[in-house]
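Student: Before we begin, could you show me the sequence and the model, and then let me ask about them piece by piece?

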Amino acid sequence: MTAQAALIRRDIRIAVRVGGGALIGVLFFLTVVVLMPFAVGPDLALLTRLGPAILWLGALLASLLTLDRLFMADHEDGSLDLIVMSRTPLELACATKALAHWMAAGLPLIVATPVLGLLLNLDTRSTAAVALTLLAGTPSLTFTGMIGAALAVTLHRGGLLLAVLVLPLSIPVLIFGVAASQAAISGLSFGAPFSILCALSLVSFVVGPFAAAASLRHGLD
Amino acid sequence: MRVWGRGVGCVRGGREVFSRLHFEAASGQALAVTGPNGSGKTSLLRLIAGLLIPATGSIALEGGETELTLPEQAHYLGHRDALKPALSVVENLAFWRDFIGGEAGDTNKSLAAVGLDHAAHLPAAYLSAGQRRRLSLARLLAVKRPIWLLDEPAAALDTAGQSLFAGLMGDHLASGGLIIAATHGPLGIAAKELRIGGAS
Amino acid sequence: MTLIDLANPSKFLSLTARVLPWLAAVTAIVLAIGLYQSATAPDDYQQGATVKIMFVHVPNAWLSMLVWGVMSLAALGTLVWRHPLADVAAKAAAPIGAAFTFLALVTGSLWGRPMWGTYWEWDARLTSVLILFLMYLGLIALWRAVEDPSRAARAAAVLTLVGAINLPIIKFSVDWWNTLHQPASVMRLGGPTLDRAFLVPLLMMAAAFSLLFVTLLLAAMRNEILRRRLRSLQMMQARAFSSEVDAGSREKTVPFGAA
């Protein structure tokens with residue numbers, strides 16, 4: 001466990017100190033949400049109706065686009081070689097890195113949700129519903145996106161290619177995340193979509209690390 | 001403990017780098033891999049480290065801990081220093097000590113051994129190239145692993161650093177360690193030579 | 001004391017050390033007077049006591065733009081005259097400007113609450129301030145993302161000037177977007193038709209907040225200069241070892257502005 005704790009501590013320290021990761025993710029989230037009213041108009045009733053969907057889209061883009069450098073930075077400075085050679089299985093190391101990334105970049109998005117809910121005129125109940133579904137769903141986005149981040153190392157590309165690879169994979173999470181928050185707001189059955197959302201997260205915890213590790217093993221050169 | 005390779009071949013990007021390579025090194029021995037640029041010295045080290053897969057032949061470890069694979073008992077010192085500029089010198093070292101696994105030593109002693117103890121709490125970003133290399137060397141001391149795979153270990157080191165490092169390698173061999181190093185110049189210790197590629 | 005003298009960070013430090021306590025005292029006094037006048041100002045016959053939020057909101061909104069102007073001047077100083085204190089001033093001003101902008105947003109939304117029934121309305125003015133706030137945050141993120149201060153300074157200077165050119169365009173676009181979707185804004189603060197009873201406290205508060213900005217800016221610039229000196233000293237300390245071997249081969253690092 002000390003190895004995993006050390007990795008989490010390191011990644012979070014870097015994310016906090018370099019002023020990149022966490023803050024820029026939240027700023028991106030805020031910007032995406034602020035852009036929406038300019039596209040659909042400043043009609044508060046409409047924004048309230050679209051609110052959960054806008055927040056989910058913003059959080060999805062923010063959590064996937066910050067994943068870009070998850071493995072790339074370690075690859076460029078040679079750290080990845082040592083991680084592969086460590087006595088921690090690569091799958092576990094990948095899962096740990098994804099967890100650290102979610103803690104540094106995913107959690108701040110959820111913390112920022114109430115403020116953004118205010119901009120979209122969501123009431124307390126709706127904001128809580130969106131925050132709860134984001135809490136259940138963003139880990140899945142991180143663990144799915146990790147596969148793309150690992151492929152980016154293999155392919156020596158990042159940025160938009162990563163987004164194109166990973167965004168289709170995140171569609172189920174988006175569907176059930178928005179469905180669960182809408183259900184909670186309108187008083188429909190919240191349990192079913194929320195359970196499926198949690199199940200999607202659990203599946204990604206299993207698939208993500210193995211796919212990422214396999215991709216990284218073949219990407220080394 | 002013995003590391004050997006039989007008929008090892010390496011193909012990179014469709015090009016055969018070397019083939020039918022035999023080598024062997026035992027505890028207390030150093031193997032210096034020499035050859036012109038592009039002859040595949042780095043590739044050979046990465047094959048042994050398990051970071052590349054040999055196209056033909058096999059590489060194996062005899063002796064050592066049976067539970068662990070060859071890469072898990074080896075230190076790899078590559079061209080890149082595996083340092084994070086945002087972390088302090090001691091944070092960088094402590095992370096690798098805690099993470100890679102193996103008998104952990106004292107970070108302060110390791111830093112003192114490579115002459116970096118005065119900078120322990122400064123960001124690694126402030127180090128010069130030679131100091132970064134010294135910090136990488138401290139990693140070999142902070143975690144005990146019997147096999148050292150070194151790629152141009154003397155690069156960027158000043159003369160004092162080179163003789164310091166020769167001393168560290170001597171200690172490692174004396175305690176039953178094994179060193180395989182790719183090098184252009186003299187290593188500073190007695191070593192078998194493995195010459196690959198090219199007639200020059 | 002000429003501008004050339006001020007360009008020297010050491011002179012700047014010693015001068016501001018003498019000026020700052022007085023400046024802080026004057027700020028506190030003017031702010032106290034302003035707050036007292038605001039508190040004793042009469043309630044508005046339509047808006048009641050909420051009109052008093054204006055005494056905080058308007059100076060903050062005013063400063064949110066003024067600070068960007070100051071940063072633009074500093075950006076010119078960085079790019080054109082390469083003034084050694086310009087990027088220090090620009091870096092120190094950004095978080096202060098962001099704070100004023102944030103206060104303008106919060107007070108604006110509190111003021112709007114009884115009008116609109118919600119904390120936020122996509123009103124043209126507030127929306128423009130929100131965009132300005134986002135630009136401040138982006139600028140701060142840029143400063144933090146680049147480790148080397150002089151490289152960050154040039155990037156931030158370009159962004160600041162581009163922002164200064166773009167801000168009026170953004171403001172115009174947002175106004176147009178807003179009138180397209182709904183009738184003219186309900187929010188009318190300030191303006192020349194203000195009664196004297198409101199105007200005096202408002203001007204006093206504007207003066208107080210401007211003084212507060214100057215005080216905070218000078219203090220933050222001092223911090224930034226000291227932080228850079230610390231960085232240089234740490235770099236020197238990192239390079240200091242084994243000086244008997246190759247002291248000559250190392251580049252010499254001089255603490256920022258100490259020469």
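Student: How many residues of chain C are in contact with chain B?

Tutor: This is a predicted model, in which local features need pLDDT of at least 70 and side-chain atom pairs count only at pLDDT 80 or more, while totals for chains, interfaces and linings use all residues. Residues are numbered from 1 along each chain as its sequence is written, chains are lettered from A in the order in which they are written, and side-chain values use heavy atoms, with hydrogens and water left out. Taking contact as heavy atoms within 4.5 Å, the 13 residues of chain B are met on the side of chain C by eleven residues.

Student: Which element gives the most to the side of chain C that touches chain B?

Tutor: Helices here are DSSP runs (H or I, at least four residues), numbered from the N terminus. Two elements of chain C, helix H8 (243-246) and helix H7 (196-239), give two or more residues to the side that touches chain B. The most, six residues, comes from H7(C).

Student: Is C:Phe133, which pairs with C:Phe102, buried or exposed?

Tutor: The two rings form a tilted aromatic pair, 5.6 Å centre to centre with 35 degrees between the planes, where rings of Phe, Tyr and Trp (its six-membered ring) pair if their centres lie within 6.5 Å, and planes under 30 degrees apart count as stacked, over 60 as edge-to-face and the rest as tilted. Buried means under 20% relative accessible area, exposed over 50%, and partly exposed in between (1.4 Å probe, protein chains only). C:Phe102 is partly exposed at 43%, whereas C:Phe133, with a relative accessible area of 12%, is buried.
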